[in-house]
Amino acid sequence: MQDLLKVAMPKGRIYKQASKLFREAGLSIPEEMDDSRKLIIPVPEARMEFIMAKPVDVPTYVEYGVADIGVVGKDVLMEENRDVYELLDLGIARCRMSVIGLPDWEPVLNPRVATKYPNVASQYFRELGQQVEVIKLNGSIELAPLIGLADRIVDMVETGSTIRENGLMEHEQIFAITSRLIANRVSYRMKNDAIQALCDRLQPVIAAASTVVTK
Ligand SMILES: Nc1ncnc2c1ncn2[C@@H]1O[C@H](COP(=O)(O)OP(=O)(O)OP(=O)(O)O)[C@@H](O)[C@H]1O
Ligand SMILES: O=P(O)(O)OC[C@H]1O[C@H](OP(=O)(O)OP(=O)(O)O)[C@H](O)[C@@H]1O
């Protein structure tokens with residue numbers, strides 16, 4: 001019998017798209033999982049157990065092996081820099097990481113940059129050779145330039161509504177973001193058949209979805 005796969009699934013934005021993808025790949029994810037407050041959901045028919053996680057914690061669960069695989073945004077992978085395998089680009093939860101500020105922003109010496117992603121922001125400005133002071137915030141990042149906490153922010157842009165509604169401007173795009181399927185290094189060897197079988201089911205669904213997006 002195939003190994004049981006423990007899957008760290010992010011609650012929130014990614015969940016809806018990831019569960020749709022898994023269902024289209026023929027995995028019997030129960031409908032009640034969509035609204036449940038349960039944190040561990042066994043799906044014996046699919047030989048899986050879902051661990052409902054805060055998105056930023058998914059790579060931690062996978063690195064420590066309490067989950068064999070997980071679904072996570074590339075933004076979180078870049079920020080957390082955990083020792084995990086990145087197996088598949090799932091092509092869902094598309095957005096981008098950008099440098100944002102007021103439209104009339106003028107360069108200053110040692111600008112302050114507010115962000116939920118201090119590692120990504122520090123590396124980006126370091127590679128540009130620009131010295132900045134990074135301020136870590138946990139949400140409503142767009143407030144920072146409006147109230148004078150920071151000169152610029154590094155944050156996610158999806159539809160662009162948040163920056164538009166707050167009179168901000170996207171100055172530079174840093175990288176494109178989609179969600180990825182990641183695996184624990186040991187699980188990838190020990191449960192390779194089950195992980196490979198899952199990837200084989202997901203790949204055609206991802207390919208079909210990407211032709212729709214690019215058409
Ligand atoms: N508009 C968006 N803003 C932020 N993240 C987005 C957006 N669109 C897609 N994403 C992706 O969704 C992932 C999870 O976002 P979500 O808002 O659910 O998590 P979170 O910010 O950690 O929320 P919470 O504070 O509820 O845990 C991000 O890491 C990113 O990859
Ligand atoms: O381009 P848009 O479609 O407007 O999406 C981008 C916004 O969405 C995210 O915030 P989120 O809703 O996660 O709230 P937060 O302020 O708590 O991070 C992100 O931090 C931006 O503020």
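This tour walks through the chain, its two domains, one strand, the cores and the two ligand sites.

**Before you start.** The model is predicted: local features need pLDDT of at least 70, side-chain atom pairs count only at pLDDT 80 or more, and totals for chains, interfaces and linings use all residues. Residues are numbered from 1 along each chain as its sequence is written, while chains are lettered from A and ligands numbered from 1 in the order in which they are written.

**Whole chain.** Show the chain as a cartoon. There are 8 helices and 11 strands. Helices (H or I, at least four residues) and strands (E, at least two) are DSSP runs, numbered from the N terminus. Along the principal axes, the C-alpha atoms fill a box of roughly 60 × 35 × 35 Å. Of the 215 residues, 32% are buried. Buried means that 20 or more other C-beta atoms, placed from the backbone, lie within 10 Å of the residue's own.

**Two domains.** Colour 5–93 + 178–214 as domain 1 and 95–175 as domain 2. These bounds come from an automatic or database domain assignment. Their C-alpha centres lie 29 Å apart. Now look at where they touch: 5 residues of domain 1 are in contact with 6 of domain 2. Contact means C-beta atoms, placed from the backbone, within 7 Å. On the domain 1 side, the touching residues are 2 nonpolar, 1 polar and 2 charged. Here Ala, Val, Leu, Ile, Met, Phe, Trp, Tyr, Cys and Pro count as nonpolar, Asp, Glu, Lys and Arg as charged, and the others, Gly among them, as polar.

**Strand E4.** Select 69–73. All 5 of its 5 residues are buried. Ile69, Val71 and Gly73 lie on one side, with Gly70 and Val72 on the other. Add strand E1 (5–10), which runs parallel to E4 and is joined to it by 2 bridges. Find Ala8 opposite Gly70. Next add strand E11 (179–183), antiparallel to E4 and joined by 5 bridges. Here Val72 stands opposite Arg180. At least two DSSP bridges are needed for strands to pair.

**The cores.** Select Val7, Ala8, Val58, Val62, Ile69 and Val71. These have the most contacts inside the largest nonpolar core, which has 30 residues. Such a core is a set of buried Ala, Val, Leu, Ile, Met, Phe, Trp, Tyr and Cys residues joined through C-beta atoms within 7 Å. E1, H1, E3 (48–53), H2 (58–64), E4, E11 and H8 (192–214) each give two or more residues to this core. Another core, of 17 residues, lies apart from it and includes Met97, Val99, Ala121 and Val154. Back at Val7, leave aside neighbours within four places in sequence: its contacts are Met48, Glu49, Phe50, Ile51, Ala67, Ile69 and Gly70.

**Ligand 1.** Zoom to ligand 1. Of the 16 residues around it, Gly12, Arg13, Gly73, Cys95 and Glu158 come nearest. A residue is near if its C-beta atom, placed from the backbone, lies within 6 Å. The shell divides into 9 nonpolar, 3 polar and 4 charged residues. Helices H1 (13–24) and H3 (74–80) each supply at least two. Domain 1 and domain 2 each give at least three.

**Ligand 2.** Last stop. Select Gly139, Ser140, Ile141, Glu142, Asp155, Met156, Val157, Glu158, Thr159, Gly160, Ser161 and Thr162 around ligand 2. The classes are 3 nonpolar, 6 polar and 3 charged. Strand E9 (152–157) and helix H6 (161–165) each supply at least two residues. E9 gives the largest share, 3 residues.

Key: Buried ≥ 20, exposed ≤ 12 C-beta atoms within 10 Å, placed from the backbone. Contact = placed C-beta atoms within 7 Å.
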